[in-house]
Amino acid sequence: AAMSRKARKLLLDSLTRSAKHFNRSEVECLVNLFDTLVARARSDFAGAGFDRTVFRDTLYSAFGMTDDVVLDRVFSIFDRENKGCITVVEWVEGLAVLLRGTLEEKMKYCFTVYDLNGDGYISKEEMFQMLKNSLLIQPADEEPDEGIKDLVEIALKKMDHDHDGKLSFTDFEKAVRDENLLLEAFGPCLPDIK
Amino acid sequence: IFSKASSSLEDLGESSSETDEDEQPLHRQEGSTDLTPEYWGIQKLAKYVKGGDPTATLIALCSMRDFNLSQEACQLAIKDTGCLEVLINLLDTEEIKCQTGSLKILKEISQNILIRHAIADLGGLEIMVKILDSPDSDLKCLAAETIANVARFKRARKTVRQHGGIKRLVELLESISVGSSCPAKDTETARCGALALWSCSKSTKNKKAIRKAGGIPLLARWLKCSHSNILIPIVGTLQECASEPSYRLAIRTEGMIENLVKNLSSEHEELQTHCASAIFKCAEDEETRDLVRKHEGLQPLSVLLGNTENKQLLAAVTGAIWKCAISRENVLKFQEYKTVETLVTLLTDQPEEVLINVIGALGECCQEQENRGTIRRSGGIAPLVKLLTATNCALLVNVNKAVGGCAMEPENMAIIDSLDGVRLLWSLLKNPNPDVQASAAWALCPCVENAKNSGEMVRSFVGGLELIVNLLKSKDKEVLTSVCAAIANIAKDQENLAVMTDHGVVPLLSKLANTNNNRLRRHLAEAIAHCCMWGSNRVAFGETKAVAPLARYLKAKDPLVHRATALALYQLSEDPNNCVIMHENGVVKLLLAMVGSTDDALQEAAAGCIANIRRLALATEKAKYG
């Protein structure tokens with residue numbers, strides 16, 4: 001359903017305030033893009049948003065993000081109410097973090113992506129899941145999983161500061177503050193700005 | 001009488017006092033079987049760096065930094081596990097994070113001499129130079145800092161230049177805003193660029209390349225900044241390059257002396273050291289010496305003499321004082337700060353590099369009579385004479401000059417003589433180094449002039465006169481000049497002149513007559529003038545063909561040459577044959593011009609010589625026509 005001009009203006013104003021990192025014309029562009037995507041989506045959601053498939057295609061074509069596990073998580077983060085579609089507010093505010101987030105915002109975002117089951121910790125199993133395809137050249141005499149398990153141990157040793165065998169947000173935050181390169185430690189989940 | 005001692009900074013292919021490591025580094029014993037725990041730990045990580053995707057690689061690289069990378073065992077483990085090649089290959093990708101992770105490690109381990117040679121051998125430098133073009137400033141900084149470490153040997157510095165590295169490093173110094181508020185990020189990029197340039201600037205060709213890339217005005221701009229962490233590499237680079245005259249000129253004309261003086265008062269001793277070194281090198285030029293004084297740099301330099309613990313700082317400061325003291329106005333200023341007294345206290349218990357400069361400074365200060373007395377009253381003469389037995393040639397040259405300077409005062413001369421100083425100087429004439437020989441000969445001039453019973457003293461040195469006469473066979477111009485000056489003094493004693501004549505001083509002097517070097521001409525003419533006063537030496541000079549060349553000296557532009565030559569010709573003209581030769585060589589006309597000179601000695605000698613020639617001409621006329 002098309003929005004009235006006044007309603008649209010109110011929306012843009014409110015979004016410009018809430019998504020602090022964009023200016024008004026940038027917000028307008030994103031909202032226009034949203035409208036385009038909605039038109040492309042299935043009409044299940046009565047024009048209120050677009051679904052997972054469209055979201056993943058968009059992130060792929062715009063940012064080159066290909067990892068399924070990651071893309072699923074990102075969608076879940078954007079889709080705050082777990083309804084299966086992204087609204088315009090969620091869209092703009094989500095992109096604000098992705099594209100222009102402060103280090104704090106990005107750390108929270110990445111941690112949430114990696115915390116696959118959302119229990120507030122990144123467990124060894126979750127790390128294994130994300131890293132399972134990361135060893136391209138395996139030594140012939142080794143079990144394929146051994147290599148990944150060792151890598152998980154290495155990552156844990158580096159980042160698990162309270163030595164409880166899993167990464168809390170506090171662990172993760174400290175690790176990233178010490179070494180910024182670890183922000184996307186378990187896989188790219190931010191756009192690649194070259 | 002004194003010549004300016006040749007500068008201690010010879011322009012070698014490489015400059016600077018820092019040692020260079022051009023020899024192939026020693027290889028450890030190959031095939032050592034005891035592999036360290038670090039080796040195994042790093043080898044485990046190497047698996048992921050070699051075979052992992054960027055995510056795995058990054059985790060491994062970050063973990064690798066938990067090892068103590070400044071420890072040799074770790075550094076060599078990285079090399080021996082083949083990780084070094086992989087680290088360098090990572091640099092060649094477009095993955096900024098992997099490049100960053102790799103450089104963070106390379107920057108640390110390149111402190112190791114074997115590693116940096118390996119990095120250069122593997123082509124790492126070329127890749128790092130390319131990275132200097134990256135838009136990511138953290139990456140550029142890391143690349144520059146790593147280049148700074150690797151470029152500590154000659155071949156590496158050449159590679160950097162050959163791949164366009166110098167130009168790019170200079171570009172890192174270009175920042176948008178340099179005022180008194182230097183934004184942190186720009187300062188950091190410039191600091192890293194300056195560190196790399198500092199390492200690279202040890203090669204002469206790189207110094208030129210930096211200049212051609214427009215580096216000097218940028219260095220000048222950053223010099224006005226107040227952050228010591230960037231000032232140190234900037235001044236480090238400047239003082240390294242200051243061995244080049246073009247840099248010294250720029251340092252002077254771009255107003256950098258003022259900043260260098262200002263930073264002498266910094267709290268950072270390293271910064272103070274580099275500023276003093278820069279001044280040391282630049283003060284070769286008179287205008288710079290004046291600028292240092294005008295910007296009130298002489299007092300801080302003198303104050304810094306109190307910091308005797310830091311020997312590098314002390315060496316730089318004493319060096320700066322030495323060169324500044326070449327100018328008389330500066331010596332007068334130093335007197336206000338009692339610098340001479342302080343310098344004398346540094347004559348004992350100091351390393352050679354400090355001593356050389358301290359004594360150089362005292363030597364220059366001797367140009368003022370008051371200081372010669374001050375040195376004596378401060379007890380400086382004995383330590384100086386003692387150092388005449390040193391073996392370091394640069395030190396000896398300065399000691400000779402200082403002793404010679406002191407010897408200009410009869411009171412000092414008495415002390416020098418009592419400590420056997422003249423004999424020590426004389427035996428330095430046997431030293432194989434021509435600079436030592438020449439400076440010793442120069443110092444002997446005032447000694448011979450001012451010593452009591454000088455003639456006897458000289459005679460007491462067994463073989464001494466033969467020694468000095470034989471030095472007239474030397475090929476070194478400075479030796480010849482100084483020896484002539486000494487002989488001119490020695491010859492004032494008749495007995496000694498007789499001995500020197502026996503040793504063949506006349507033909508040896510005559511052989512030198514054909515020279516265009518005005519300094520040599522002057523002292524040679526003086527020597528000839530004095531050597532004429534014995535027996536048939538006048539005739540002998542004529543026979544050994546000294547007269548005609550001397551006549552040519554009158555055409556020189558140097559008034560000191562004229563005076564000495566006129567004196568010699570006057571003496572020679574007592575012999576009729578010499579008069580004939582002089583007349584044939586147009587001496588009369590040239591001397592006539594000098595009869596009106598304001599120089600009394602010249603006037604008299606010229607007139608006397610012309611008179612002799614005329615008298616002979618008249619006598620010849622009379623004899624012809626009855």
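Trainee: Where should I start with the charges of chain A, and how far apart are the mean positions of the positive and negative ones?

Mentor: Compare the two mean positions. In this predicted model, chain A carries 26 positive and 36 negative charges, and their mean positions are 10 Å apart.

Trainee: How much accessible surface does chain A have, and what share of it belongs to carbon and sulfur atoms?

Mentor: The accessible surface of chain A is about 10,400 Å². Carbon and sulfur atoms account for 52% of that area. As for burial, 42% of the 194 residues in chain A are buried, where buried means under 20% relative accessible area.

Trainee: Let's turn to the fold. How many helices and strands does chain A have, and in which pattern do they follow along the sequence?

Mentor: Chain A has 9 helices and 2 strands. Reading along the sequence you meet α-α-β-α-α-β-α-α-α-α-α. The C-alpha trace of chain A spans about 65 × 35 × 30 Å along its principal axes. Contacts add to the picture: of those in chain A between residues at least 6 apart in sequence, 54% join residues at least 24 apart.

Trainee: Now a single helix. Which residues of α7 in chain A are buried?

Mentor: First, the general idea. An α-helix has 3.6 residues a turn, so residues three or four places apart point the same way. Now the case here: helix α7 of chain A covers residues 124–131, and its buried residues are A:Glu126, A:Met127, A:Met130 and A:Leu131. Seen down the axis of α7(A), these buried residues fall within an arc of 125°, so they line one face of the helix.

Trainee: And what covers the buried residues of α7(A)?

Mentor: The cover includes α6 (103–114) and α8 (144–159) of chain A, along with α2 (54–64) of chain B.

Trainee: How do I read the database annotations? Which residues of chain A are covered by "domain: EF-hand"?

Mentor: Take the span from the record, then look at the model over that span. The unreviewed UniProt entry gives residues 66–101, 102–137 and 147–182 of chain A. Residues 102–137 of chain A are 56% helix and 0% strand, with end C-alpha atoms 36 Å apart. For residues 147–182 of chain A, the values are 64% helix, 0% strand and 20 Å between the end C-alpha atoms.

Trainee: Where does UniProt place "repeat: ARM" in chain B?

Mentor: An unreviewed UniProt entry places that feature at residues 123–165 and 463–505 of chain B. Residues 123–165 of chain B are 74% helix and 0% strand, and the end C-alpha atoms lie 14 Å apart. Residues 463–505 of chain B are 72% helix and 0% strand, with the end C-alpha atoms 14 Å apart.

Definitions and conventions. Residues numbered from 1 in each chain as written. Chains lettered and ligands numbered in written order. Predicted model: local features only at pLDDT ≥ 70, side-chain atom pairs only at ≥ 80, totals over all residues. Heavy atoms only, no water. UniProt positions renumbered as here; feature names shortened; annotations may be inferred. Helix = DSSP H or I, 4+ residues; strand = E, 2+ residues; numbered from the N terminus. Buried < 20%, exposed > 50% of the residue type's maximum accessible area, 1.4 Å probe, protein only. Arc of directions from axis to C-beta. Contact = heavy atoms within 4.5 Å. Areas by Shrake-Rupley, 256 points an atom, 1.4 Å probe, with all protein chains shown as cover. Lys, Arg positive; Asp, Glu negative; His and termini not counted. Charge placed at Lys NZ, Arg CZ, Asp CG, Glu CD.
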